[in-house]
Each structure stands twice: as C-alpha cells, then as structure tokens.
Amino acid sequence: MRMQAAILFEPGKPRPYAASTPLVVEEVELEGPGPGEVLIEIAAAGLCHSDLSAIEGLRPRPLPVVIGHEGAGIVRECGEGVTDLKPDDHVVTVFVSSCGVCRQCVRGRPNICPSGFAARSAGTLISGARRIRRLNGESVNHGSGLSLFAQYAVVARRSMVRIDRSIPLDDAAIFGCAVMTGAGAVLNTAGMRAGDTIAVVGLGGVGMNALFAAVAGGAERIIAVDTSAEKLGLARQWGATDTFLATEPDCAGQIRAATEGGVDTVIETAGNIRAMELAYAITARGGSVVSAGLPATGANFSYMHAGLVSDEKSILGSYMGSCVPERDIPRFLGLYRRGALPVGRLKSGTLPLEEINAGFDRLAEGSVLRQVLRPNG
Ligand SMILES: NC(=O)c1ccc[n+]([C@@H]2O[C@H](COP(=O)([O-])OP(=O)(O)OC[C@H]3O[C@@H](n4cnc5c(N)ncnc54)[C@H](O)[C@@H]3O)[C@@H](O)[C@H]2O)c1
Ligand SMILES: [Zn+2]
Ligand SMILES: [Zn+2]
C-alpha cells in the first residue's frame, strides 16, 4: 500500500529544522505484514528526545530510516500466525522488539533481548525484514522495529500490547515510551517503596512520568531538578516537595545540605553527562542512581572509584524502565485510570506529519513536554 512517511536521510543538519528539514515527508510503499507481523494504522506518535538525538546524529543508526518509537494505533491486518489480535483492536507500541525465548526474555527482561538490539542496529524488524520502500525501489530502515512517523506501520506482534478501546489514543501513545521509561525507572529499576525519598534530575516527558510514579508510589519526599525554572514550577504543582535549579552554582551542595547528605534514590532522565554528574553527586551513601537518560553514543561518565566503594553507591542503567510490556502497560494504564499517572498533563499539542520538523525545533528549545503527532489527521 502507499502511505506518507517522514524519512530521516541526513542527521546533524542545523536548526531550525523547520528550514533544514532533516525529516522529509514523502509517499512510500509499505509491504503487507509477514508471518508474526501486524499492520497498524498510527493514531498518535509522541516526539521523544531519543528521536531528537537521532536527528542530531548523536546516536547513529542505519540510513535512510523512518524513526518514531512511541505510539498507539489500530490493528488493520494480521499476518500469518497472529491469532490473538484482530482488526480494529487498539494497541500501544513497544520500542524494543524481543524474541520471547532467549535467556533475557525468559527471565523477564525482554527490554534487553539481544535479538531486539541486533534488529535495531541492522534497521530491520526482528524477522530481519524491511517493509518500507521508496517509490524508486530503495529500501528504508526501521527505527526501533516500529517506524511510527508514518501513517501506517508493519511491526512484529511482540512490538505491541493490546489496550482497552476506551483509552484515548493520544494518551495511550505516551505509554509506549515516556511512561514505561519514567515510571518503570522508579517502580521497576529502582524498586521505590512508599516512604522513600527520591530525586528526579531532568523533567521532560520521561522525567515527569518518573515524578508521577514517585507520587503514585507514595514517596515521602520528591526532589525535582531541572535547568528550566518553568519545569520546576510544574513539578511543584504535580507533587514535588523540593525543587532545585541545576544551573545554580553548587546545586549539588544545596541538595546534599537539604537532605542530610544526599538522596537514597536518584533518577537521571536528562540525557547528558553534566546531569549524570549532578545525579551521582547528590546520591547519598548507600544510595543508588538510576540512569534512564541517553547521551551521545561514546560519551563517558567518570567518578572517583574509591568513593563509589567506600560510600557503597550503586549506578544502574534503566532501559525502557526495565519493563515487561505485557505486564507493565496494563499496570500503568490502571494507575492512569485512577488519575495517578496523569499523562494528559504532559501533552503540549498535536501536529500533522507536515509539521514534524517544527515540532523537533520546539523539543530542542526545551519549550514543550510531549507533542503528539497525528499522521492520519
Ligand atoms: N532509557 C530509555 O529507555 C529511554 C527511553 C526514552 C528516552 N530516553 C532518554 O531520556 C532522556 C529524556 O527524554 P525526554 O524525551 O524526557 O527529553 P526532554 O528533552 O523532554 O527532557 C529532558 C529534560 O532534561 C532537562 N535537562 C537538561 N540538562 C539538564 C541538566 N544538566 N540538569 C538537569 N536537567 C537537565 C531539560 O531541561 C529537560 O527538561 C533523553 O536522553 C532520551 O533519549 C531514554
Ligand atoms: Zn523515547
Ligand atoms: Zn529474547
């Protein structure tokens, strides 16, 4: 079938993107679903900072590629062997494909399935196929096994979770990345318990979901940190007990003084090394820093090793919030239904495919939380 897709040909173009157009919207051919695959109509796709990093060229991938890894859609056609979904079902997409049978998958860690990572690096679906072609016949790579900045997508069955039709698809889309990553970092990776003190460094779409999860999980004290005073204001309204501007000289010293030596659990959701240094510096003796931010490929974080040992600090990575999507998307949607994960507050407007470059300008400026693309209007 023919559809419109936004293709990334050349990362690293200058801003404003509205003028340099790193994402080019063009008509492409989408093959039907192969065995174990499903054709979905994309109802909504969120603009995440990881997409921006791909546009900036900070995290290289095979080109040309259709990126977009946070979304919700409607099943239109099921490939051979897909018997547990049917046309018109609503789904949230999952940005790590997984095989379901390897050591990581069977021990409940499909978010780090090696086959999923191999497919992502190769720019294919987990089956090894590429389903998108330009009209000149050139094959186009898949981003995260999804490619959601398009009107339709063919994705593996395991790259989606069915959801109740009553959930607005704009909100549902945000569960595909920002909610799993932010809430999962707090409730899965960090294993926060009621009464804990927690800090969140970086209050974008991902960090605000970490904040919501900390409130929902009964944190006693929630310290919110960002370079933007405006985001600190929102964090205070949404349940942060203390806020600190990361640009203040000795921000780390101020936080340590306010917390009698540091915070037990620090969640880093900013995605740069300065933020990670701050997160590590405000982690208390015996505490952990959970990093979900993704800086440029090759960027290194260093720390004084003897201090890590004598302070018994832990540094944990958190990919897709350590989620098992089939378990956690319904669980987080349950919190959403009770008003405890109010993702609708994060929505900074909707946009058509044609305005996608301008949307990434706004994300790069830091003036928005989650913008939602509606590729089918
Ligand atoms: N681990 C994962 O699975 C995963 C999934 C999605 C996104 N990410 C990454 O998470 C990060 C956040 O994504 P997002 O979409 O929320 O981005 P965003 O741009 O919406 O938010 C980032 C926030 O960090 C703040 N910030 C920047 N530098 C800071 C500093 N030095 N100190 C404190 N705050 C600072 C910004 O002001 C902004 O509010 C990105 O690096 C993204 O690539 C990781
Ligand atoms: Zn993302
Ligand atoms: Zn696997």
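The chain folds into 12 helices and 18 strands, where helices (H or I, at least four residues) and strands (E, at least two) are DSSP runs numbered from the N terminus. I should say at once that this is a predicted model, in which local features need pLDDT of at least 70, side-chain atom pairs count only at pLDDT 80 or more, and totals for chains, interfaces and linings use all residues. Residues are numbered from 1 along each chain as its sequence is written, chains are lettered from A and ligands numbered from 1 in the order in which they are written, and side-chain values use heavy atoms, with hydrogens and water left out.

Let me stay with the whole chain for a moment. The C-alpha trace spans about 60 × 45 × 40 Å along its principal axes. A compact globule of 377 residues would have a radius of gyration near 21 Å, and the 20 Å of the chain agrees with that; the radius is taken over C-alpha atoms, and the globule rule is 2.2 Å times the number of residues to the power 0.38. Of the 377 residues, 56% are buried, where buried means under 20% relative accessible area, exposed over 50%, and partly exposed in between, with a 1.4 Å probe and protein chains only. If we take contacts (heavy atoms within 4.5 Å) between residues at least 6 apart in sequence, 69% of them join residues at least 24 apart.

The UniProt record, an unreviewed entry, places the feature "domain: Enoyl reductase (ER)" at residues 20-373; positions are given in the numbering used here, feature names are shortened, and such annotations may be inferred rather than shown by experiment. That span is 31% helix and 26% strand, and its end C-alpha atoms lie 19 Å apart.

Now to the metals. Which protein donors does the zinc ion (ligand 2) have? They are C48 (SG), H69 (NE2) and C177 (SG), at 1.9 to 2.3 Å from the ion, and along the chain they follow the spacing C-x20-H-x107-C. The pair C48 and C177 links distant parts of the chain, 129 residues apart, with C48 in the loop between β3 (37-46) and α2 (49-56) and C177 in helix α5 (residues 169-189). Both of these cysteines, C48 and C177, are buried. A caution belongs here: donors are N, O and S atoms within 2.8 Å of the metal (3.2 Å for Na, K and Ca), and water is not among the atoms, so sites may look incomplete.

The zinc ion (ligand 3) is coordinated by C99 (SG), C102 (SG), C105 (SG) and C113 (SG), at 2.3 to 2.4 Å, and these donor residues are spaced C-x2-C-x2-C-x7-C in sequence. The site of this zinc ion is tetrahedral, with angles of 106 to 115 degrees among its 4 donor atoms; four donors count as tetrahedral if all angles lie between 85 and 135 degrees. Is C99 buried or partly exposed? C99 is partly exposed, at a relative accessible area of 26%, whereas C105, at 10%, counts as buried.

Two loop residues complete the picture. S144, in the loop between β8 (139-142) and β9 (152-156), counts as buried at 7% relative accessibility, and, leaving aside residues up to four places away in sequence, S144 touches H69, V94, F95 and R120; H69 is itself one of the donors of the zinc ion (ligand 2). M320 lies in the loop between β16 (314-317) and α11 (325-337) and is buried, with a relative accessible area of 1%. With the same neighbours in sequence not counted, M320 touches V94, F95, V96, N111, M180, T181 and P325.

How values were computed. Tetrahedral: all angles 85-135°; square planar, octahedral: opposite > 155°, others 65-115°.
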